Structure formats: structure tokens, C-alpha cells
Amino acid sequence: MASEEELFANIDALLAEEPQLPPPAERARLREAAGITQARLAAALKTTTQTVKNYENGRSEPKSPRMEAYQRLLKGWAAKYPAHGIPAAPAAPVAAAAAPQPETFTGQAAPEVKAAEPAEAPAAPAASTRPARPAGRAAELRLPAMKKAAKPAIDPRFPHGPLAVLDGDGSAYGVNGLVLDCPATTVVELVEWTLRESGLGAPKLNRYGKDSDPLIVLTAAAAVKLGLPERLEGHEQRRSLRLPEDHPVVQQVAKAKWQLTQRGFGPWARIYRKAQGRDRQCVQLAILSWDALDERSWPGVAEMEPADIARVLGVYAQRVITPRGSTAVSGLELMTALRPPTKPERDEETGNWVSAHNPGSLGTEPMDPAPPEATAEHPVVVQSGWTGGFLNEEAYQWVRPVDSLSDEECMLPFAVGLDLNTAFLAAAARLVVGLSAADHFHAPKFNPKIPGSWLVDLSHIELDPRLPSPFTPDGSQPSGPAWYQTHTVAYAQELGYNVHPIEAYLRRETGAYLDPWHDRLKTAYVDTLADLGVTKDLTDAEFLAVMEQHKQVDPALAAVLAAIKATVKGGVGKLRERPQGKHYKQGERWPALERPTWRPDIRAAVISKARVNMHRKLNNMAKMTGLFPLAVLSDCVVYPSPGASPLDFLPYAASGKPQPGGFRLGPTPGLAKLEGVQEMLWAIDLMEKGLNPARHIKGGDAVLDEGE
């Protein structure tokens, strides 16, 4: 029989153990029985409402001294509001039937991911978030149940996903509701915790590429806690703002033998050490209160709760790439991630593995453009004294002359705007571009299969004045010889005209460099629209009805969609990034020129093909319907219409199917959606003032930019 000393020793051991809380469901029951809201409880515990939610759904556990305070409160409530029976802990969900419970990680080493409970990729919102409809008309459309996205394989090196959003409470919100406990109180501690303990990161997108570095997004409270200013003030452009070299945090980073990139410590800061063998040591920070997430590209995201921000960025990371900066930067980084410049190759003489050029990529060295492909301030132009003109392959900004409108057109009641889905992305499909440096040719025979720049006189080509010229961004007829990208010249040939180039800069090595970029972004765009209920199987009437409300279905996924579109335009624009800053002098090299992806010729190829695609549709519409546009701005076109819907003027066959060749409604790149509807008199009034109705048809004053 046990002695009294042994019994007391056992009891003392039990008392010394960590305090135990009731199961999460019981915590919620007790709080609700007491009539206390989660927000009020959060205030009492000096934490956030989201943290209380995590306590009650089992995503995280409080730590001392909050643990003891919470336990005391729950014990008091349990005495007041006893349950009829002790609630059992919820049974573990069956993997095939339900999503696993998110993990909470507070230990010193990244935990192993259990086979039955993988840290899932960002999940789509539940179908129950969608409004139901009674059976009947298309206008009362029921959004279809969301398809379950295929779950990507979990990389055991990154069990907790690509990124986390850190709040001032030390909670790091990851994908799928995961919450990690981050003890860091300085930027250096945060970097070391991220690399050693967090389990964050993402695997490479190409077998020859590099893994994505973990991203930590800092809320304003987290930034202040780590010693950073809440706001980054300055008089220069936002993208140029950064902490001064003598700021304590910058000095702490340097003292700990970490480095910053040339961009310094700005809204998107990269902190790294040189790689040791294959192990990269790099962490990306994004600081919300420094405007890291631009409102135009990430609408409403910076104001969301940390868990929702993590969901938006996590879906984007899964479908596109872990953000590396602005959506424009991410668009450019995605090109390189999918087409890495090098691959390992065995040296035949030594037998050693060496780094070799990866065919189809742009290589590792920057390439100077041909003079007509450059910009006026480029060293190639300034140092050579080039005066031969430049490519002017830009998107349309055209308004039809008012005096070309017929009485019948003026009497139509509506002006209807159509917007082509990600027109630049559609143009990038199967687009052959130059991979090598340009060679100079005199009086070459035109070949539509060779990418390059051609000096050609297209001024003799006269087309219907009710359509914009396909050869100039403003739609005017060319006045003499000018430089054009291959697609523009090929279209002149397609229209039946002979072309005789005077000279050309052409590239011998070619390839469809942008194909994997196009494929990944197209899939991301189509899948995200489908998650919002906009699927390929909808009729045109159903498509228009669903598009009216798709942004309200799930604002977080709507923000992902906006970011994907901005990634397309921004990535194309970055191919010809201009110098920035008031101290730049013409003829100097600027940082963007040191990138192999500074390729204005590829940008010109995308925009040329997009503009030609637009004109082809405009021309076909005129032939099929006799309709002519009022204005075009980039990928938006405005038509006069007898009704307030595109269905009132788009061409359909007797079978009800859309006529091929014109504008077609639908959710895929290159198809159209409704941009806006206004009265015809409104459009004519703008045109008489020299303003572009396509810019304002949506009802706002937003400018459609090209991502530069």
C-alpha cells in the first residue's frame, strides 16, 4: 500500500503540470452561456478577436500568463453554467470526408506533418457562401457549387505553406487558418525564426529553378513591435521609400551579418545571407502600413483581418507565385521562375556538374536592345546618336471622329462597353519571341515567322475611317516609314497589302518564352473566376448575370482575381521598365537594365499582337453586323447599341451560338465581359470634348494603365 509521502508527491506532481483547458467547443459554450462576445473577451484578455476565435476552434492555445487568466475565467463560468454532461472532444475528422483541423505550432523545431493531417494549400470558400435562387430565369442565377481544387503535394520542407501574416500579438497567420506562435521581438529574431522554426516556404515551379523564399507580412502593430516606424514618410515615389542607413533596425540587420538587397529596407524588404551550398537563407518581408499591397492591385486586402490577408496571399501564392514585391515584380519573377536561365550539366572533360544555359530561357546576362527597340534615354541610343526613330507599339487610345457618326447611330439609346479578359495574356499564348541579340539587315524580305523590328512604309494603306488604324496606338493613319514589330507588319499582309521592309533588326534564336507564364496565369485566372461562380458552361445571359455579382460572392477571392490581372499587365510593363527618380541623367544605365528580363522587344511583341487581335475583331464585327465602335482604350471597346446589354448587338447564328471572329462573351482570356453601360448622348458629349468614353464607361474615372 502506498505511503502518505508517495501519495502527496504524486498529487504535487499533478498540481505542477501545465494548466489544462476544456475542449475548444466547451470554451465557446461557456462564453455564450455567459452572454459575452468574442470581442469583449478579447479586450479582457488583452488580445485580438481573431485570437479568441482560434482558442475556440482549436487553432491555437494561450500561453502564460494569459493561459492562467483564461483558465480561471472558464472555471468560474463552468461553476455557473454546468453542462448536462461533460462535452467530449470532437472526433478527428475522416481525411476523405472533411478538411483537417489546422495545427498550432509553438515548439522549437518545425513539427512533422502527419500523413492524415497535411497542411493544405489555400482552400476555396465553402459553396454555402453563395446565394441560392429559385428555379427560373437566368437573371435569378444560382451560382454553381465550387469545384474542389486539386490539392498540391505538400513539400515536407515547407509544411506550413508559403507565407504568414504577423500581428502585434505574436500570432503568425498562415494558410488554411493555421496560426503559428512567433516569439520574435526584433527583425533579426524574426528572420531567424522564419528560417529555422516556421516551416514556411514554397517549392520551385521548375525543376531547374529555386524554391520560393518564405514571406512574412507585417501588420502595423507587428512593425512597431519590431522597432519599425508605423509609416514610411518621404517626398519621393512610394516605391523609392526606404529606411535610412542609420536607422537602428538597418544597423541591427547588418550587425547580425544579414544583408539587404539594393532596394534597401522598404515596403518589400529582402533580408539574406549568401547561400551555403544549396541552402538559401533569405526572407521576404512585406509591411502593410508602408503600402506594400497597392490598393489598385490588391483591392481592400490591406484592411482585412490578418487571417483573411493570409488567405488572399496564400491562394495567389498557390496559383501564381509567392509575392516578391508589387504584382508587376511578381509577374516578372514568375517568368524567370518558370523559365530558369540555367540548368546543371555534366562537363564531358572533368565529369563535374556545371551550370549551363537552359534552352528557351533568356539566359543570365542582360542584353542590349536594337536602337529602334530602346527608349530615348537608353545608353545604346545616346551613345550612338541614333536618330532613326523607335517602335511605337502601344495599346489603343482611340476616339472615333464625331462627324463620322451616322444619324442612325446617334439615335441609338445606349453606349455599351466591352472589356476583353486579360488581353495581354491572350496575346502571349504561343507567341514566338527573340531569345538572342538582334542582327541588322538592309532591305530584307518580310517573314512573319521571324520576331523583330521592321522599318516599313504602311502610309499607303487606307482603311475605313470609322475604325482605328491597326498600325498606330492613336488609330491615325501612318504618315511615312516607321518601325513596327513583326505582328503589325504581318497583319498588313493579312489585310491584303504588299510590304517591302527598308531595314530590320531580327533575331535568329527564337522560342515561345512566355508559354509557361501564359499557361499558369490563364489557369489561375479561370480557376479563380470559377470559384466565384463564373464557369465556362454558362450561357451568355447567365454569364452576364453572374458577372454582376461575382465580386460580392467572396471579396477575398475577388481580390485574388484583381491581383492576377494586375500581374499580367504589370509583368508585361516591367519588360521595359523606365528609369525612376529625379536624379537620373539621360544616357546613364539604370538598375532595370541589368536584368536579362529587360526586353522591350518582347513587350512590343505582346502589345502588337494584342492590338492586332483587337482590330481583327473590330473589322469582323463591321463586316458581320455593320456596327462600328465609338472608342477603344487598351482592351475596352464601346459600341452604340439599341439595348443596355451586349446581347442586343453581338452577332449570333440562327442556332443561338456566337458568330466566330467577332467579340464573344465568356470567362477565358481574350473573351469579353460587360465593362459598363451609359446613355448614347453621354458618350457623344465626351467625344465632342475630345475625351474617351471607354475610359469612363464603367462609371468611374479610373485610368486603364499598362502596368509601367
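Biologist: Which elements do the buried residues of α15 pack against?

Modeller: This is a predicted model, in which local features need pLDDT of at least 70, side-chain atom pairs count only at pLDDT 80 or more, and totals for chains, interfaces and linings use all residues. Residues are numbered from 1 along each chain as its sequence is written, and side-chain values use heavy atoms, with hydrogens and water left out. Helices (H or I, at least four residues) and strands (E, at least two) are DSSP runs numbered from the N terminus. The buried residues of α15 (buried being under 20% relative accessible area with a 1.4 Å probe, protein chains only) pack against α9, α10, α13, α16, α17 and β21, where contact means heavy atoms within 4.5 Å.

Biologist: Which residues of α15 are buried?

Modeller: An α-helix has 3.6 residues a turn, so residues three or four places apart point the same way. In α15 the buried residues include Trp517, His518, Leu521, Ala524 and Tyr525.

Biologist: What volume does the largest cavity have, and which helix gives the largest share of its lining?

Modeller: On a 1 Å grid over the protein atoms alone, a cavity is a set of points where a 1.4 Å probe fits but cannot get out, and lining residues have an atom within 4 Å of a point. The volume, meaning the space filled by probe spheres set on points joined across faces, edges and corners, is about 90 Å³ for the largest cavity. Helix α18 (600–625) supplies the largest share of that lining, four residues, and the residues lining this cavity include Tyr396, Phe424 and Arg611.

Terms used: 1 Å grid on protein atoms, 1.4 Å probe; cavity = no way out; pocket = protein on both sides within 12 Å on 5 of 7 lines; lining within 4 Å. Buried < 20%, exposed > 50% of the residue type's maximum accessible area, 1.4 Å probe, protein only.
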